[in-house]
Structure formats: C-alpha cells, structure tokens
Amino acid sequence: MKKRYDFRSDTCTMPTEEMRKAIYEAEVGDQGYGEDIATNKLEEYCAKLFNKEAALFMCSGTMSDQVALRCWTNSGDEVIIDESYHINYFQGAQSIDIGKVILNTCKTPDGIIHVSDIKERLNSRMHDNTFTRTKLLSLENTINSHGGRIYPIEVLKENYEFCKTKGIKVHIDGERIMNACIASGLKPSDYAQYADTITMSFSKGLGAPFGSIIMGDKETITRARKFRRWYGGHLHQSGFMAAAAYFAVTHNVDRLKDDHANAKLLVDIIRKNTDKVVLNDPMTNIVMMDIKNLGVTADEFVKKCSEKDILLFPYNEYIVRAITCLNVNKEDVIYSANVINNIINEILNK
Ligand SMILES: Cc1ncc(COP(=O)(O)O)c(C=O)c1O
C-alpha cells in the first residue's frame, strides 16, 4: 500500500506487533460477572494512577463523557462548559439527547475557564429549584480545539474549590491527560485531585485500538457502571481490549514527548516558509493552522494535501488540524511539512 502521512487524528494509530501479542495473551472472562482478569487489572491500575477510589473501562471517550454527564445530573440540569470543548463542539447533540442537559457555554479566547467565567455563567439565567440548576463544571485537558492546550493546575484548583462552595461537581474530559502530564511534568493524580470524575483515552496518543476509562469515587463509578450498561457498553470478554489499553498506558506514555517535539517541528518548518498561515505554539501534539489568508477553505486545502498523501483534518471553515502521534516520525514530519509548504506556495503563486 502507498505510504500515507496521517495527521488526521491520534485515533488513527494501529496496534503494534507487541500490542497484538498482549491482546492475544489476555486473560479474559465474562465481565458481567466481574471475571475478566485483564479488565480488572486495568481498572485497578488506573484508579491507583489517578489516586481515585475506582475506575471503569469504557468503549470510547464519548461514552465516558456521556456517562459522566448522566452520573452528575438529572434531566434539565445545567452544565457549564466552554463552547470549544468536545462535549459541546462534537457531542452537543448527544449531550442534549442522551444526557438531557443544558450546556451553558463560556466563550473563552483560549479554552481556559476561570472562576470569573463560572460566575458569569451562573448569572446568565435564573437558577433555582423551579428553574434549571447548575450541577456540573465540565473541563477538558488537554484542549483539543485549542491546539492541545494544557490547563494550568492552579486554575483547576481555583475552579474546583469555587465549585465546591456552590455544590457543583467537576468533570475533566482528560482523553489526552497523559499528553498534559508528559509536557507539564505533573502526575495524573495531580490533575485528578481537582476533579470528581476524570477520563483518559487509550485509543488516542497512547495507540490502543479501543477504549477510554473513567475514574472517580466508588459510589459514582457504581452509578457509571449502570449507565454504561444502559448505553450498551456492558462488554463481556472486554479483556482483549483492556490488555491493549494496559499495554498502551504502561508502554506508550513517555514517548508522547516525541509527538510533542514533532508538532513543534511541523510548526517551525511551515512558519519558516510563510507568515500567511497562522499557527499555534503547540504545548502538546495538536497543530491548528488558520489558513484564511490563503483564500481557500479548510476542505479545499485538506483535499489538495490528501492528493499528495498528507492527511489532515478540516476543523472548521478555515482551520486545519494536524495531530502528531505514533503514525509519524521525525522524517515523516519533515517530508510532510515540505509538501504542505509546496501546496501553500502554489496557492500563493510563490
Ligand atoms: C477531548 C476529547 N474528548 C472526547 C473525545 C471522544 O472520544 P471518542 O472518539 O473515543 O469517542 C475526543 C475525540 O477525539 C476528544 O478529543
């Protein structure tokens, strides 16, 4: 097969031979009876890693988020969130239809919600027992829409402490939390201490083919187990997937620093060529290219790149996203950045 340089998402990784071996050798049982050894091992490992009482293996990040919404809210309750977060930007329909919540969205410039933003949202409509009640603050770390931005830990602490005074729980969509840990030097438990529930994906930068996990207190995870079943996520021999996830979280975390270096490299090479494309300074593995000045749409730009075997993701009308992950090494990034530069130069008639 012709080589493709896949920057669409870190979900596009393929299991390595070693990971496939771990899947093959998984000790499985029917998890309906709590007998799947590999799944239990993964959940125990993650609960400890995040210093939470319990963890529950989930089919996807979306399922983890939707179950979290369900655990913390009732129909008609309100969730404060930034408009850019996955739970709103991509899961808006699910959050309303399945979660039955009102998303009260902040419009921050960088995706970082501060206490002042929470206060503003609390004042944005009448809240009392006969209207809607704010039950949850939902955060994201790292923030996908903002180029993998890392939440400052002190802001998480301030938000958490403020929410406690208001009886509001805090959920962190931490699908890429390990990217935050590797880049910041903080531990998963450092971030988790400021959340009532937190998730982590195995099938993004960590390179497993399947799954996410949610951590929290025992009572909440027991509720999550019920909703997971309601949503069709009650898997039986889940250990085949859990074994890949365990392999991912025990082998593929340190190497995330290479992805972060590659994201910076991609930006550097494109910036050297032109200032017409506006790029973020990636803190982790996500590059956002604002191509409005080129006079083409993101869809058109992505199509031109795919004709040269460089796969990118059109995030909105003029933003193109590139994610670095196991799919691309340094040489691939250098090659791809030069191809992208040639396409930019053709468009600019340089
Ligand atoms: C921040 C964030 N949360 C949740 C999800 C949903 O994850 P999944 O695709 O596993 O449902 C994604 C997917 O990219 C994401 O980036």
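Which backbone atom type of Gly61 lies 2.9 Å from an oxygen atom of the ligand? A backbone N or O atom of Gly61 is placed at that distance from the ligand oxygen, a polar contact in the sense of a pair of N or O atoms within 3.5 Å (within protein, one must be able to donate a hydrogen and the other to accept it, and residues adjacent in sequence count only if both atoms are side-chain atoms). The model is predicted, and local features need pLDDT of at least 70, side-chain atom pairs count only at pLDDT 80 or more, and totals for chains, interfaces and linings use all residues. Residues are numbered from 1 along each chain as its sequence is written, and side-chain values use heavy atoms, with hydrogens and water left out.

Two side chains also approach the ligand: a polar side-chain atom of Asp173 lies 2.7 Å from a ligand nitrogen atom, and a polar side-chain atom of Lys204 lies 2.9 Å from a ligand oxygen atom. The protein covers 84% of the 390 Å² of accessible area that the ligand has on its own, as computed by the Shrake-Rupley method with a 1.4 Å probe. The residues around the ligand, meaning those with a heavy atom within 4 Å of it, include Ser60, Thr62, Asp65, His86, Glu140 and Glu175. The largest share of this shell, three residues, is contributed by helix H3 (residues 61-72), where helices (H or I, at least four residues) and strands (E, at least two) are DSSP runs numbered from the N terminus. By residue class the shell divides into no nonpolar, six polar and six charged residues, with Asp, Glu, Lys and Arg counted as charged and Gly among the polar ones.

Lys204 is also linked to Ser201, since a polar atom of the Ser201 side chain lies 3.4 Å from the backbone nitrogen of Lys204. Ser201 belongs to strand S7 (residues 197-201) and, at 1% relative accessibility, counts as buried; buried means under 20% relative accessible area, exposed over 50%, and partly exposed in between (1.4 Å probe, protein chains only). Beyond its neighbours within four places in sequence, Ser201 is in contact with residues including Gly174 and Glu175, contact being heavy atoms within 4.5 Å.

Helices H6 and H13 were examined for their buried faces. In H6 (residues 115-122), Val115, Asp117, Ile118, Arg121 and Leu122 are buried, and because these residues fall within an arc of 160 degrees when seen down the axis of H6, they line one face of the helix, the arc being that of the directions from the helix axis to the C-beta atoms. The buried residues of H6 pack against strands S3 (78-82), S4 (102-106) and S5 (134-140) and against helix H7 (153-166). In H13 (residues 298-306) the buried residues are Ala298, Phe301, Val302 and Cys305, which fall within an arc of 100 degrees and so line one face of the helix, whereas the face turned away from the buried side carries the exposed residues Asp299 and Lys303.

Backbone geometry was considered last. Most residues other than glycine have a negative phi, and most peptide bonds are trans. Asn51, although not a glycine, has a positive phi of about 55 degrees and is exposed, with a relative accessible area of 61%. A cis peptide bond, with omega about 5 degrees, joins Asn141 and Thr142, and Thr142 lies in the loop between S5 and H7.
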